[in-house]
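Q: Could you take me on a close look at one part of this model, starting from a single sheet and following what packs around it? I would enjoy one connected account rather than a list.

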Amino acid sequence: MRTARMLAAAGLAAAALLGPAAPGALADTPAPSASAPSGEKAAGPTEAGTTFRTAAAFRPGQEATAQAATGDYLYWVFPADTGERPTVKATVTLPESALRHGSSTWRVDVYDGLRRRQPCMYGSQSRSAAKETASLELACVLRPVRASADAWADDPLPGSYYVRLTVTGLPEEDLGQSFSARIGVDVLDRGGRYATDGALAAPLVPGATTAEIAEAEEQAGRRTPVEAAAPEDGWSSGWWSDRWLWTAAGGVLAALAGIGGYALTRGSGRPSRVPPGI
C-alpha cells in the first residue's frame, strides 16, 4: 500500500511538471496578433518595393497590398524569430480576361537576410492561370527558424525575410497590364525543439553591424537597424527555450523513477523469524 501511494504521488508530480510546459512545446498554434481581431488581418503597406533594398516592410498578422504592371518584380520584407515557422500567402488579382491573350504563370519566392532563397516545405509556390481565371493564390511554408547553423548550411536563421512576387510566363502582348496583389504571413510557434546551443551575434537584418557600433547608437538615442526590424514583441534572447523546462522535468522524473524502483525492489528487510547474526 505504501508503495502504491509513492507511485501515485510520483505520477501526480510528473503531471504537474509537464502540464505547464506542454502547451508551449507541443501546440502548433498561430502567434496571436495584438493589433487585429481574430480572423482579420491588420492593414499593412499599400505599395511594394521593386528591389531587395526598397522592399516594403510588414509584420506577421498584417496584410500588404500593391498594384503594379504585369512583368514587375514586387518585394516585401517581414521579420521571423527563432522557433517560428512562417507561411507566406499571396493572392493575385489578374487583369480582365478580355484584355489577356493567354494563360500566365506566377511565382512567389522567399529569401532570408543573406538573400539566400529558402525552399518551401510545401505549398503552391508557383501556379498557372488560364485566360478566364480572375485570381489565383500562392503559398510557401518555410522551414522553422533556427537559433544558429553551421557556416555551410542554408538553414533559416532569425532576421528579415524577403518575399518576391512576379509572373514567370505569359504572352508578350500581356506585359504591362495592371494587376493587384495581397501578401500575408502566418507564423506557427514550434517551440524549443529547433533551438540550438549557439546563437547569432545579431539577427540577419539589413544594416546590422558590430556590437560596439550598435551600443554606441543606443547610447546616442538612435534606434539600431536590428531594433527597427524586430518583431512586435522583440527578438528572442537566443539562450532561453522551453527545452530547459523539458530538461528539468526529465531530471525530476528520472529521480522519481529511481525512488519508485528502489521502493519496489528493496523488500521488507530481514524476516523476524531469522535469528540475529545469521
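A: Happy to. Keep in mind throughout that this is a predicted model. A good place to begin is an open sheet of 5 strands, with mixed pairing and the order β2-β4-β9-β6-β7. Its edges are formed by β2 (56-57) and β7, each of which pairs on one side only. At the β2 end, the neighbour is β4: the two strands run parallel and are joined by 2 bridges. In that pairing, Ala56 stands opposite Trp76 of β4.

Trp76 is a useful residue to follow from the sheet into the interior. The largest nonpolar core has 31 residues, and Trp76, Phe78 and Trp106 are the ones that touch the most other members. Two or more residues come from each of β3 (62-69), β4 (74-80), β5 (84-93), β6 (104-111), β8 (135-141), β9 (159-169) and β10 (178-189). The top contributor is β10, which gives 5 residues. Apart from this core lies another one, made of 6 residues, with Phe52, Ala55, Tyr75 and Tyr111 among them. As a general point, nonpolar side chains tend to be buried together in soluble globular proteins.

The separate core leads to the aromatic residues. There are 6 aromatic pairs in the model. In one of them, Phe52 and Tyr75 have ring centres 4.9 Å apart and planes at 55°, so this pair is tilted. Phe52 sits in the loop between β1 and β2, while Tyr75 belongs to strand β4, and the two are 23 residues apart. Both of these residues are buried. Phe52 also pairs with Tyr162: here the centres are 5.2 Å apart and the planes stand at 85°, so the arrangement is edge-to-face. Since Tyr162 is in strand β9 and Phe52 in the loop between β1 and β2, this pair ties together parts that are 110 residues apart in sequence. Phe52 has a relative accessibility of 18% and counts as buried, as does Tyr162 at 4%. Phe52, Tyr75, Tyr111 and Tyr162 form one aromatic cluster.

Tyr111 also takes us to the loop between β6 and β7, where Gln118 has its place. Gln118 is buried, with a relative accessible area of 2%. Its side chain makes a polar contact of 3.2 Å with the side chain of Asp112. The Gln118 side chain also reaches the backbone oxygen of Asp154, at 3.4 Å. Leaving aside neighbours within four places in sequence, the contacts of Gln118 are Val110, Tyr111, Asp112, Leu142, Arg143, Asp154, Asp155, Pro156 and Tyr161. Tyr111 therefore appears both among the contacts of this buried glutamine and in the aromatic cluster.

The loop between β6 and β7 (126-129) also holds Cys120, whose disulfide partner is Cys140 in strand β8, 20 residues away. The sulfur atoms of Cys120 and Cys140 lie 1.9 Å apart, and this is the 1 disulfide counted in the model. The link is left-handed, with -100° about the S-S bond. Cys140 is buried, at a relative accessible area of 0%.

From Cys140 in β8 we can step to the other sheet to be considered here. This open sheet of 5 strands has mixed pairing and the order β1-β3-β10-β5-β8. β1 (42-43) and β8 are the edge strands; each has a single partner strand, so one side of each is left without a neighbour in the sheet. Beside β1 runs β3, parallel to it and joined by 2 bridges, with Ala43 opposite Glu63 of β3. β3 and β10, by contrast, run antiparallel, and 7 bridges join them. Along that pairing, Ala69 faces Ser178 of β10 and Gln67 stands opposite Ser180.

The side chains of β3 make a neat finish. In a regular strand, side chains alternate between the two faces of the sheet. In β3, Gln62, Ala64, Ala66 and Ala68 point to one face and are buried, whereas Glu63, Thr65, Gln67 and Ala69 point to the other and are not.

Methods
Residues are numbered from 1 along each chain as its sequence is written. This is a predicted model: local features need pLDDT of at least 70, side-chain atom pairs count only at pLDDT 80 or more; totals for chains, interfaces and linings use all residues. Side-chain values use heavy atoms; hydrogens and water are left out. A nonpolar core is a set of buried Ala, Val, Leu, Ile, Met, Phe, Trp, Tyr and Cys residues joined through side-chain atoms within 4.5 Å. Buried means under 20% relative accessible area, exposed over 50%, partly exposed in between (1.4 Å probe, protein chains only). Helices (H or I, at least four residues) and strands (E, at least two) are DSSP runs, numbered from the N terminus. Two strands pair if DSSP finds at least two bridges between them. A disulfide is a pair of cysteine sulfur atoms within 2.5 Å. A polar contact is a pair of N or O atoms within 3.5 Å; within protein, one must be able to donate a hydrogen and the other to accept it, and residues adjacent in sequence count only if both atoms are side-chain atoms. Contact means heavy atoms within 4.5 Å. Rings of Phe, Tyr and Trp (its six-membered ring) pair if their centres lie within 6.5 Å; planes under 30 degrees apart count as stacked, over 60 as edge-to-face and the rest as tilted.
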